[in-house]
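Got the viewer open and a hand on the mouse? Here is a walk through the model, one selection at a time.

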Amino acid sequence: MSNVLKEYTELVLGSAYPIATSSRKGLFLQSEYFEGKRVGIDESVSFHIVPPNFVTYRHMSDDSTFHFNKNTFGNSVEVSREYPVFTTNSMANIDFIIQHLNSSPRFLDFSMQQKKGGTRTRLYYKILCQYQLMMPLKKEQDKIAQFFKIIDSTVAHHQR
């Protein structure tokens with residue numbers, strides 16, 4: 001995937017933007033995730049910036065499952081420097097990529113192969129880029145991504 005992913009490495013000190021947490025349930029502002037403003041943020045600590053529509057994920061997992069979250073807040077947020085941040089180039093649809101990474105048994109197998117001893121699996125960005133994904137043309141990716149967006153919306157509506 002190194003031919004379509006573009007890493008984003010801009011850092012900021014302190015809390016210039018809202019601080020977010022990337023989890024399996026989505027990207028959440030820490031003020032909401034922890035039911036109130038998180039205290040003890042060291043203003044000298046640097047964070048990755050996640051611009052709108054860019055993707056981030058927690059690079060460590062206890063069970064080899066990783067969840068990729070797109071920033072849909074409409075403004076930039078900050079995440080731990082441990083969370084890789086990326087987008088795609090013009091050859092790929094970011095929603096198509098996220099859908100595949102979050103639901104493909106093939107990607108789960110790839111993730112499981114990254115366990116190198118210990119209890120946690122690590123999926124660093126440079127390893128993610130080594131994953132081989134057969135992709136249709138961008139126009140077809142756009143249609144597939146739109147289809148899954150409609151399905152996700154319908155499921156969410158029925159769950160409410």
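**Stop 1: a salt bridge between loops**

Select Asp 62 to begin: it is exposed, with a relative accessible area of 53%. Keep in mind as you click around that this is a predicted model. Now add Arg 120, which is partly exposed at a relative accessible area of 38%. Asp 62 and Arg 120 form a salt bridge, and their closest N and O atoms are 2.8 Å apart. Asp 62 sits in the loop between S7 and strand S8 (69-70), while Arg 120 is in the loop between H3 and S11, so the pair ties together parts that are 58 residues apart in sequence. The structure holds five salt bridges, and you will meet others further on.

**Stop 2: Ser 61**

Step back to Ser 61, in strand S7 (residues 60-61). Buried or exposed? Ser 61 counts as buried, because its relative accessibility is 4% and the cut-off for buried is under 20%. Show the side chain and look for Arg 24: a polar contact of 3.3 Å joins the side chains of Ser 61 and Arg 24. A polar atom of the Ser 61 side chain also lies 3.0 Å from the backbone nitrogen of Ser 64. Leaving aside residues up to four places away in sequence, Ser 61 touches Arg 24, Phe 66, Thr 119, Arg 120 and Thr 121. Before moving on, draw a distance from the C-alpha of Ser 61 to that of Asp 95: the two atoms are separated by 22 Å, with these positions 34 residues apart along the chain.

**Stop 3: the Asp 95 network**

Center on Asp 95, which counts as partly exposed at 22% relative accessibility. Which side chains meet Asp 95 in salt bridges? One is Lys 70, at 2.9 Å from N to O. Lys 70 lies in strand S8 and Asp 95 in helix H2, so this pair ties together parts 25 residues apart in sequence. Another is Lys 149, at 3.8 Å from N to O. Lys 149 belongs to helix H5, so its pairing with Asp 95 of helix H2 ties together parts 54 residues apart in sequence. Lys 149 counts as partly exposed, at 45% relative accessibility. Show Lys 70, Asp 95 and Lys 149 together and you have one network, joined by salt bridges that share partners.

**Stop 4: the surface of H5**

Stay with helix H5 (residues 138-159) and pick Ile 151. Ile 151 counts as partly exposed, at 32% relative accessibility. Now color Phe 147, Phe 148, Ile 151 and Val 155: they form a nonpolar patch on the surface, with about 330 Å² of accessible area together.

**Stop 5: helix H3**

Next, select helix H3 (residues 105-112) and highlight its buried residues, Phe 107, Phe 110 and Ser 111. Look down the axis of H3: these buried residues fall within an arc of 100°, so they line one face of the helix. Their cover includes helix H2 (94-103), strand S11 (121-122) and helix H4 (125-128). At the N-terminal end of H3, find the cap, Ser 104, with a side-chain oxygen 3.1 Å from the backbone nitrogen of Arg 106.

**Last stop: Ser 22**

Finish at Ser 22, in strand S3 (residues 20-23). Ser 22 counts as buried, at 1% relative accessibility. Its side chain is joined to that of Asn 69 by a polar contact of 2.8 Å. Beyond residues up to four places away in sequence, Ser 22 touches several others, among them Leu 27, Thr 56, Tyr 57 and His 67.

Notes:
Residues are numbered from 1 along each chain as its sequence is written. This is a predicted model: local features need pLDDT of at least 70, side-chain atom pairs count only at pLDDT 80 or more; totals for chains, interfaces and linings use all residues. Side-chain values use heavy atoms; hydrogens and water are left out. Helices (H or I, at least four residues) and strands (E, at least two) are DSSP runs, numbered from the N terminus. Buried means under 20% relative accessible area, exposed over 50%, partly exposed in between (1.4 Å probe, protein chains only). A polar contact is a pair of N or O atoms within 3.5 Å; within protein, one must be able to donate a hydrogen and the other to accept it, and residues adjacent in sequence count only if both atoms are side-chain atoms. Contact means heavy atoms within 4.5 Å. Patches are made of residues with over 30% relative accessible area and no salt bridge: like charges are joined within 9 Å, nonpolar side chains (Val, Leu, Ile, Met, Phe, Trp, Tyr) within 5 Å. Accessible areas come from the Shrake-Rupley method with a 1.4 Å probe; for residues, only the protein chains shown count as cover. A salt bridge is a side-chain nitrogen of Lys or Arg within 4 Å of a carboxyl oxygen of Asp or Glu. The arc is that of the directions from the helix axis to the C-beta atoms.
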